[in-house]
Amino acid sequence: MKLLVTGGAGFIGSNFVRYVLRELPGWKLVNLDKLTYAGNLENLKGMEGHPDYRFVRGDVANRKLVDEIFSEERFDVVLNFAAETHVDRSILDPSPFLTTNVQGTQVLLEAARKYKVGRFLQISTDEVYGSLGREGTFTEGSPLLPNSPYAASKAAADLLCRAYYKTYGLPVVITRSSNNYGPYQFPEKLIPLMTLNALEGRPLPVYGRGENVRDWLYVEDNCRAIALVLEKGKDGEVYNIAGGEERRNIEVVERICELVAERTGKDEREVKALITFVEDRPGHDFRYALTCEKVRDLGWSPEVTFDFGLERTVDWYIANREWVERVRSGEYMKYYDKVYGPRGVSWSQEP
Ligand code: NAD
Ligand code: DAU
């Protein structure tokens, strides 16, 4: 099997690359990644010399480059992880989301069609379904009602995948997962941001009252599910993947405070006092929850509980401060001030 993995230097992509090279001997893998602020070769340290692995720096929206790679490598399968992924950034500027997530996906679909790839797996998200109230879950048949520019760009990509399956018979499969967490997640997302801020004594900016609910999935459980769908999923189908671990944001942040206090010997009340309720995210989806019968029928179930996975994740960020320093460049600080500055929390303010 020869795989093209796009976005393999990001959070889920790098965990997937490591998973394949560890668990699936004989699978050869090319990682095509633009190395945006979110893509870091640090995430793949130790993989560089692996005989089944090759890295190519490049943009999935670059038609010429993508065609060259497909012509040279003759892939059996493509897994498209590459994307602009952060909702808050999509609110600041939707443009790169359209270029990478929509155009980039179309460029890859076209190359897959031209070079007769045996399977195209699109990595999508539960955000395409929009938002739930306190009750109910989304199934794979739920309508697509995206609310943020990020979610809209992912929904558009899903629809292009569907069109390539229906029109050209391209063997496309889509996975839609809930919120992933675990090692190597860029510190703009809730869990690493709160963990690092708590460790550094910075304010913990919780949107609204922290009542929004996310269903957390440990990244390695997602990688196992993706590999299974790749092997056993049916062409033209969508597979939801979730941990079944719904938590209100405030519960997650409070638990992170407890773990940080426990691990560092800091006073728990002092760490919790860093929680700062700030102006809500515009269009903030209230709740996501998924029915995952289809992937369960393939033989998958999550193995890592949220309680255990969160401990492991907090410990990983404590043990990998050098990684944190390297990935949090000057760009991160500028971004931080743009998003949180107007909410009264800035990077430059003394911890
Ligand atoms: P990430 O932001 O950590 O990584 C994205 C990667 O894509 C980076 O390595 C980046 O350099 C690369 N990339 C961006 N634009 C590119 C381009 N034009 N060409 C080539 N590479 C490019 O993202 P993630 O959290 O690992 O998410 C991976 C995929 O999973 C995305 O498609 C995302 O929509 C989806 N997803 C993520 C979650 C989650 O909770 N993180 C949940 C559901 C679905
Ligand atoms: O559901 C899957 C999606 O999960 C993926 O498709 C996205 O790529 C990924 O970024 C994630 O989106 P969310 O918007 O749910 O994740 P984020 O970590 O940004 O926020 C999680 C929740 O925490 C959300 O309700 C907003 C809230 N939040 C987030 C940040 C960064 C805060 O209250 N404060 C913050 O500073």
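At 18% relative accessibility, Tyr184 counts as buried, and this is a good place to begin a tour of the model, which is a predicted one. Tyr184 sits in the loop that runs between strand S7 (179–181) and H6. Its backbone has a noteworthy feature: phi of Tyr184 is near 75°, a positive value in a residue other than glycine.

Arg74 makes a good companion to Tyr184. Arg74 is not a glycine, yet it has a positive phi of about 50°. Its place is in the loop between H2 and S4. Is Arg74 buried or exposed? With a relative accessible area of 52%, Arg74 is exposed, because the cut-off for that word is over 50%.

**Helix H6 and its partner H8**

The loop that holds Tyr184 lies between S7 and H6, so let us turn to that helix. Helix H6 covers residues 190–200 and is mostly covered, with ten of its eleven residues buried. Among the buried residues of H6 are Ile191, Pro192, Leu193 and Met194, and the list also includes Glu200. Right after H6 comes Gly201, with a positive phi near 75°.

How do we describe two helices that pack together? Two packed helices are described by the angle between their axes and the distance between the axes. For H6 and helix H8 (residues 249–264), the axes come within 9 Å and cross at roughly 40°. H6 and H8 are therefore oblique to each other. The crossing of H6 past H8 is right-handed. On the H6 side, the residues that meet H8 are Leu190, Ile191, Met194, Thr195, Ala198 and Leu199, and their counterparts in H8 are Asn249, Val252, Val253, Ile256, Val260 and Thr264. Sorted by class, the contact of H6 with H8 has nine nonpolar, three polar and no charged residues.

**Helix H4 and its two neighbours**

Helix H4 (residues 95–114) packs with helix H5 (residues 149–168): their axes come within 8 Å and cross at roughly 15°. H4 and H5 are therefore roughly parallel to each other, since angles under 35 degrees count that way. The crossing of H4 and H5 is right-handed. Residues of H4 that meet H5 include Phe97, Asn101, Val102 and Thr105, while the H5 residues taking part include Tyr150, Ser153, Ala156 and Leu160. By class, the contact of H4 with H5 has eleven nonpolar, four polar and three charged residues.

H4 also meets helix H2 (residues 63–73), with axes that come within 10 Å and cross at roughly 35°. H2 passes H4 in a right-handed crossing. In H2, the residues involved are Arg63, Val66, Asp67 and Phe70, and in H4 they are Gln106, Val107, Leu108, Ala111, Ala112 and Lys114. The contact of H2 with H4 has six nonpolar, one polar and three charged residues.

Here are the three helix pairs side by side.

| Helix pair | Axes come within | Crossing angle |
|---|---|---|
| H4 and H5 | 8 Å | roughly 15° |
| H6 and H8 | 9 Å | roughly 40° |
| H2 and H4 | 10 Å | roughly 35° |

**Three residues to look at up close**

Val102 belongs to helix H4. Val102 is buried, at 18% relative accessibility. Leaving aside neighbours within four places in sequence, Val102 is in contact with Phe97, Ser153, Ala156 and Leu160. For a sense of scale, find Glu48, which is 54 residues from Val102 along the chain; their C-alpha atoms are separated by 30 Å.

Glu84 is in the loop between strand S4 (77–80) and helix H3 (87–92). At 12% relative accessibility, Glu84 counts as buried. Which residue lies 16 residues from Glu84 in sequence and 6.7 Å away in space, C-alpha to C-alpha? That residue is Thr100. Thr100 is also among the contacts of Glu84, and so are Thr36, Tyr37, Pro96, Phe97, Asn101 and Tyr150, leaving aside neighbours within four places in sequence.

Our last stop is His284, found in the loop between strand S12 (275–278) and helix H10 (293–297). His284 is buried, with a relative accessible area of 15%. Its side chain makes a polar contact with the side chain of Asn212, at 3.3 Å. Leaving aside neighbours within four places in sequence, His284 is in contact with Tyr207, Asn212, Arg214 and Asn249. Asn249 may ring a bell, as it is one of the H8 residues that meet H6.

Key: Residues are numbered from 1 along each chain as its sequence is written. Chains are lettered from A and ligands numbered from 1 in the order in which they are written. This is a predicted model: local features need pLDDT of at least 70, side-chain atom pairs count only at pLDDT 80 or more; totals for chains, interfaces and linings use all residues. Side-chain values use heavy atoms; hydrogens and water are left out. Axes are lines fitted to C-alpha atoms, for helices over the stretch in contact, and angles run from 0 to 180 degrees between N-to-C directions. Helices (H or I, at least four residues) and strands (E, at least two) are DSSP runs, numbered from the N terminus. Angles under 35 degrees count as roughly parallel, over 145 as roughly antiparallel, 65 to 115 as roughly perpendicular and the rest as oblique. A crossing is left-handed if the near helix is turned anticlockwise from the far one by less than a right angle, and right-handed if clockwise. Contact means heavy atoms within 4.5 Å. Ala, Val, Leu, Ile, Met, Phe, Trp, Tyr, Cys and Pro count as nonpolar, Asp, Glu, Lys and Arg as charged, and the others, Gly among them, as polar. Buried means under 20% relative accessible area, exposed over 50%, partly exposed in between (1.4 Å probe, protein chains only). A polar contact is a pair of N or O atoms within 3.5 Å; within protein, one must be able to donate a hydrogen and the other to accept it, and residues adjacent in sequence count only if both atoms are side-chain atoms.
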